[in-house]
Amino acid sequence: MQRWILSKKNPIVLASGLLIALGFMSEWFFHNETLAIGSLILASMLGIAPIAIQAYQALRVKVVSIEVLVTIAVSGAFFIRNFEESAIVTFLFLFGAFLEQRTLNQTRSAIKELTEMAPESALKKMDDGEFVEVDVDEVDVGDILLVKTGAKVPVDGFVVTGEGYINEASITGEAVPVHKKIESGVYAGTILENGTLQIVADRVGEDTTFGRIIELVEEAQDSKSEAERFIDKFSKYYTPAVLILSILVGILTKDIELAITILVLGCPGALVIGVPVSNVAGIGNGAKHGILLKGSEVIGDFSRVDTMVFDKTGTLTQGNPKVADVVFFTEDVASVKSMVANIESESDHPLAKALVEHLGVTEKLVVERTEVVKGGGIIASIDGKRIAIGNVSLMNQEQIFLSENALKDIHNFEQNGNSLVLVSVDGTLKALFGIRDPIRPGVKEVLQKLKRLKVKNLIVLSGDNQGTVNRVAKELGLTEAHGHMLPGDKSSFIADFIAKGHIVAFVGDGVNDSPSLALAHIGIAMGSGTDVAIETSDVVLMNSDFGRLPHALGLAKATASNMLQNIVIAVGVVLVLLASVFFSEWMNMSIGMLVHEASILAVIVNGMRLIRYRVRV
Amino acid sequence: MQKATIQLETLVCPSCSMKIESAVKSLPGVNKDSVKVSFSTSKVKLDFDSTSLTIETIEKAITALGYVVIKSQVKPQ
């Protein structure tokens with residue numbers, strides 16, 4: 001019975017609305033008192049049924065819910081034979097809830113679109129070698145799956161046979177299809193645009209990259225800021241407090257009308273719902289645009305950022321340095337080349353990769369005792385010779401004499417914006433390489449937009465020499481540039497800025513900058529949707545798309561101010577209502593409920609504006 | 001212990017999640033610390049002891065409050 005009534009809420013709203021209309025018409029036009037009162041009583045009883053059931057259920061689990069307040073208020077109105085009010089209040093309450101549900105679904109549409117992209121079924125290879133369609137939950141790690149043209153990749157895995165083009169927009173935000181062949185990694189939720197693949201499942205369900213993204217977005221939407229936790233705690237005691245207040249007022253003034261009006265006015269609504277609605281809509285907008293904002297705390301901090309610190313390599317630049325200038329200080333170029341190539345081929349450093357790529361295939365040599373000098377370079381032995389490859393400070397450390405000519409070349413190379421790699425063999429300088437890393441396209445425009453979004457300090461930090469960093473800073477219009485920075489220097493630089501009272505965001509590649517990412521108020525990792533980047537940073541830009549940064553910042557600002565607006569609306573309404581119940585003549589229960597429901601809808605509709613937010617700078 | 005994820009019809013008020021949370025927590029066999037009711041996704045997540053409690057009982061406790069369960073998923077932990 002109870003469930004039946006609750007499931008018929010919508011017809012009940014409609015019926016009670018019609019009955020109220022009938023009631024008023026019969027009073028105004030037909031002057032039929034009996035019919036009027038009769039239909040209003042019926043409307044009240046119809047309307048209070050689902051509310052009272054929910055109130056009872058709430059009390060059973062020891063929660064004084066808003067339905068409890070409304071039920072008491074309506075019973076009170078009934079008791080003093082004010083059927084008009086009891087009918088209108090129940091109707092408004094139910095109708096308001098109906099509208100709220102509709103509009104709330106809107107604010108959540110973005111995340112819903114995202115979860116609907118989740119694959120539901122898979123073609124799994126059975127023991128007899130046939131492919132059978134199964135629910136995606138039945139896929140285990142190691143299963144072989146068939147993906148046909150137009151189908152969604154069901155899990156994360158690797159291609160075992162076939163090739164094709166996959167649209168990975170759901171993971172990377174990049175709509176250009178990616179070519180996949182044997183051993184290519186494929187991701188759940190991406191779409192095979194053409195070709196046929198057989199893949200082996202590597203990660204399934206919530207462990208897939210797509211599953212993690214959804215989970216993170218959901219967690220972010222639910223995360224609560226300090227203010228929200230306060231409001232939650234507050235509302236837990238607030239509703240019982242309103243109940244006690246109205247009982248006190250009732251006893252003291254003997255005015256039941258006033259007492260029940262206080263009950264209705266005191267319903268917490270807009271205040272509790274305002275902040276979460278902005279949060280959900282804002283984060284939803286981000287998710288749709290390839291931006292993951294991890295929670296309302298992050299939004300709050302990010303919106304107040306005045307300093308953005310960028311790592312240079314891989315963030316402002318393409319992270320794919322190339323050897324641009326070379327000088328040798330020796331006749332035996334070939335042997336130096338092969339020594340450098342053999343030593344550097346053991347390193348993962350981007351400059352090392354550039355050198356190996358530049359030098360190409362050389363004679364194979366046995367490298368012994370390789371020692372990496374952090375922020376300096378690498379020292380190794382070949383055939384008993386001590387070879388140092390690295391920057392100027394490594395050469396100083398090794399007490400290598402730099403001739404006038406060499407110093408002049410070093411200066412010129414730096415002027416050209418090169419990173420320097422010097423090579424010494426047994427204490428003498430043999431070669432100087434200048435390596436340059438081209439700036440990412442579009443970075444300049446992005447930085448200008450960030451400036452217009454009121455980021456005062458745009459700073460680049462790099463392990464490269466000052467000349468390189470200066471050139472980048474000048475070209476991009478950054479406010480500060482610091483070279484020769486070790487990872488430790490970067491984080492202490494950020495700590496200094498924080499100590500000076502700045503709100504700092506750090507943008508890095510997420511691999512060797514993790515201390516800085518963690519230390520800054522906001523860490524933004526640019527690691528093409530890799531696990532590390534997604535887990536460690538506060539803001540994730542899908543596909544490392546630097547161009548999304550202004551939208552992310554603008555959205556954070558818009559969301560933060562939307563929350564503030566909603567709090568102002570909510571608190572303002574409560575204050576006005578309370579003031580008017582004591583100081584005005586026109587306030588009654590119905591108007592109170594109307595204003596109350598209207599304010600809830602107002603904060604939801606205000607929050608909905610965020611769904612369509614676009615950055616405009 | 002089993003891990004359950006229960007999808008509900010859209011929750012309208014954050015206080016609804018409070019109600020559901022305390023109702024689910026009061027069931028014997030539910031790991032109280034694991035109960036999480038998400039307002040924005042209208043999902044309930046919890047760990048429970050499948051020897052003393054079934055998912056149907058949990059669903060029933062929620063529907064008794066007046067919230068519609070759309071689907072639930074149980075996975076071994």
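Two strands pair if DSSP finds at least two bridges between them. With that in mind, welcome to this predicted model; let us begin in chain A and then move on to chain B.

In chain A, strand 1 covers residues 121–125, and five bridges link it to strand 2 of chain A, with the two running antiparallel. To see one of these pairings for yourself, find A122(A): its bridge partner in strand 2 of chain A is V134(A). Together, strand 1 and strand 2 of chain A make a hairpin, with five residues between them. While you are looking at the turn, stop at G129(A), which has a positive phi of about 85°.

How well is strand 2 of chain A covered? Hardly: among the five residues of this strand, 131–135, the count of buried residues is zero. A residue counts as buried if 20 or more other C-beta atoms lie within 10 Å of its own.

Now turn to chain B. Its secondary structure comes to two helices and four strands, and following the sequence you meet them in the pattern β-α-β-β-α-β. The radius of gyration of chain B is 11 Å, close to the 11 Å that the globule rule gives for 77 residues, so chain B is as compact as a globular protein of that length. Taken along the principal axes, the box filled by its C-alpha atoms is roughly 35 × 20 × 20 Å.

What about the inside of chain B? Of its 77 residues, 39% are buried. Contacts also reach along the sequence: among those in chain B with a separation of 6 or more, 68% are between residues 24 or more positions apart.

Conventions: Residues are numbered from 1 along each chain as its sequence is written. Chains are lettered from A and ligands numbered from 1 in the order in which they are written. This is a predicted model: local features need pLDDT of at least 70, side-chain atom pairs count only at pLDDT 80 or more; totals for chains, interfaces and linings use all residues. A residue is buried if 20 or more other C-beta atoms lie within 10 Å of its own, exposed if 12 or fewer, and partly exposed in between; C-beta atoms are placed from the backbone. The radius of gyration is taken over C-alpha atoms; the globule rule is 2.2 Å times the number of residues to the power 0.38. Two residues are in contact if their C-beta atoms, placed from the backbone, lie within 7 Å.
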